[in-house]
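Student: I would like a close look at a single part of this protein, the open sheet and the hairpins at one end of it. Please take me through it slowly, and then show me how the rest of the chain is laid out around that picture.

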Amino acid sequence: MSTHPKTITVYAVMGLTIAAGILAAGNISASGGTELSSETARMTSMIHWLGHDSFRIDGDGIVIYIDPYKITGGPKADLILITHDHKDHASPEDVAKIQGSDTVIVAASAAAEKFSGQIQTVKPGDKLNIKGIPIETVPAYNTNKFRSPGVPFHPPKSGYVGYILTVKGIRIYHAGDTDAIPEMKSVHCDVALLPVSGIYVMTAEEAASAAAMIHTKLAIPMHVGKGVGSLGDAERFKALSSVPAIILPME
Ligand SMILES: [Zn+2]
């Protein structure tokens, strides 16, 4: 859980309208006098960015985490989604902070063996429903980021995933560690959480192209703020994106 107040500025792109009530409550504010629509405010109010690719999503009586990493704790998880086995995404010590006896962990096959408890393994292209939350998996892989010549950091054959989950009627796409890939053209969502740091994943420029490819109403940059990438990458993405983009406060 965060110790940061939610009064930290949320930067909004131009053209959105801010719900006055939200502003009045001091929950969210926009830069440069731009405004968030009430729908955008509703979507962002349930999505908590915990830094890097870590998110907590608060549904109706259900708490979902994605790739918890370097978190300080928080409400017990009903559901934890893990995109792949790299330590900044599949972190047993962080999962331990939020895992209870009823927690279900959904993990790409390569990551599943790092955890114990109720585990559901997935591969790209799966559709499942856990605890009333519809979940689809999308491939996540590199096309032009290489560990060594010819060896991508995230090879297509590794079965790494992104997730589309529907919470309170909102379709949220967490892309995982990926480049802009053709499969994104088939993604329909309300919010897209996209990596922007470069090196292992899309650069801000590539993520802006990806955002245009994905059918989404809103984009939120990630994979910055805890080691790899800087908030500057997120700012660059926001400036370049043709899709409305918001940088969430890091909680
Ligand atoms: Zn990775």
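Tutor: One term is needed before we begin: two residues are in contact, or touch, if their C-beta atoms, placed from the backbone, lie within 7 Å. Please also keep in mind that what you see is a predicted model.

The sheet you ask about is open and has 6 strands in the order S2-S3-S4-S5-S6-S7, with mixed pairing. Strands S2 and S7, the latter covering residues 118-122, stand at the edges with a single partner strand each, so one side of each is left without a neighbour in the sheet. Direction ignored, neighbouring strands of this sheet are turned against each other by 20 degrees on average.

Let us start from the edge at S2, which covers residues 47-49 and pairs with S3, residues 55-58, in the antiparallel sense over 3 bridges. Two of the residue pairs can be followed by name: Trp-49 has Phe-55 of S3 as its bridge partner, while His-48 has Arg-56 of S3. As you trace these residues, it helps to remember that in a regular strand the side chains alternate between the two faces of the sheet. Strands S2 and S3 form a hairpin with 5 residues between them, and in its turn Gly-51 has a positive phi of about 95 degrees.

The next step across the sheet leads from S3 to S4, residues 63-66, and these two strands also pair in the antiparallel sense, over 4 bridges. Here Phe-55 comes up again, since it stands opposite Ile-66 in S4, in addition to being the bridge partner of Trp-49. S3 and S4 form a hairpin too, with 4 residues between the strands, and Gly-61 takes a positive phi near 70 degrees there.

Both of those turn residues are glycines, but which residues have a positive phi without being glycines? Lys-168 is one of them, at about 50 degrees, and Ile-199 is another, at about 65 degrees. They deserve a second look because most residues other than glycine have a negative phi. Lys-168 lies in the loop between strand S12 (161-167) and strand S13 (170-174), and it is partly exposed because its count of other C-beta atoms within 10 Å is 13. Ile-199 sits in the loop between strand S14 (191-195) and helix H5 (204-213), and because it has 12 C-beta neighbours inside 10 Å, it counts as exposed.

Helix H5 itself has a buried set made up of Ala-204, Glu-206, Ala-207, Ala-208, Ala-210 and Ala-211. These buried residues pack against S14, against strand S15 (218-222) and against helix H6 (231-240).

Two further places show how residues separated along the chain can meet in space. Ser-109 belongs to helix H4, residues 109-112, and with 15 C-beta neighbours inside 10 Å it counts as partly exposed. Its C-alpha atom is separated by 8.7 Å from that of Gln-120, which is 11 residues apart from it along the chain. Leaving aside residues up to four places away in sequence, Ser-109 touches Thr-121, Lys-123 and Gly-159.

Pro-152, in strand S11 (residues 151-152), is partly exposed as well, with 18 C-beta neighbours inside 10 Å. Pro-152 and Asn-142 are 10 residues apart in sequence, yet their C-alpha atoms are 5.9 Å apart in space. With residues up to four places away in sequence again not counted, Pro-152 touches Tyr-141, Asn-142, Lys-145, Phe-146 and Arg-147.

Stepping back to the whole protein, its secondary structure comes to 6 helices and 16 strands, and of its 251 residues 49% count as buried. Among contacts between residues at least 6 apart in sequence, 52% join residues at least 24 apart.

Finally, consider how far the model can be trusted from place to place. The protein averages a pLDDT of 88, and 86% of the residues score at least 70. Over residues 1-34, however, pLDDT stays under 50, and for that stretch the model has 66 contacts beyond four places in sequence. Where pLDDT is low, the predicted coordinates should not be read in detail.

Key:
Residues numbered from 1 in each chain as written. Predicted model: local features only at pLDDT ≥ 70, side-chain atom pairs only at ≥ 80, totals over all residues. Buried ≥ 20, exposed ≤ 12 C-beta atoms within 10 Å, placed from the backbone. Pairing = 2+ DSSP bridges. Axes fitted to C-alpha atoms, helices over the stretch in contact; angles between N-to-C directions. pLDDT = per-residue confidence, 0-100.
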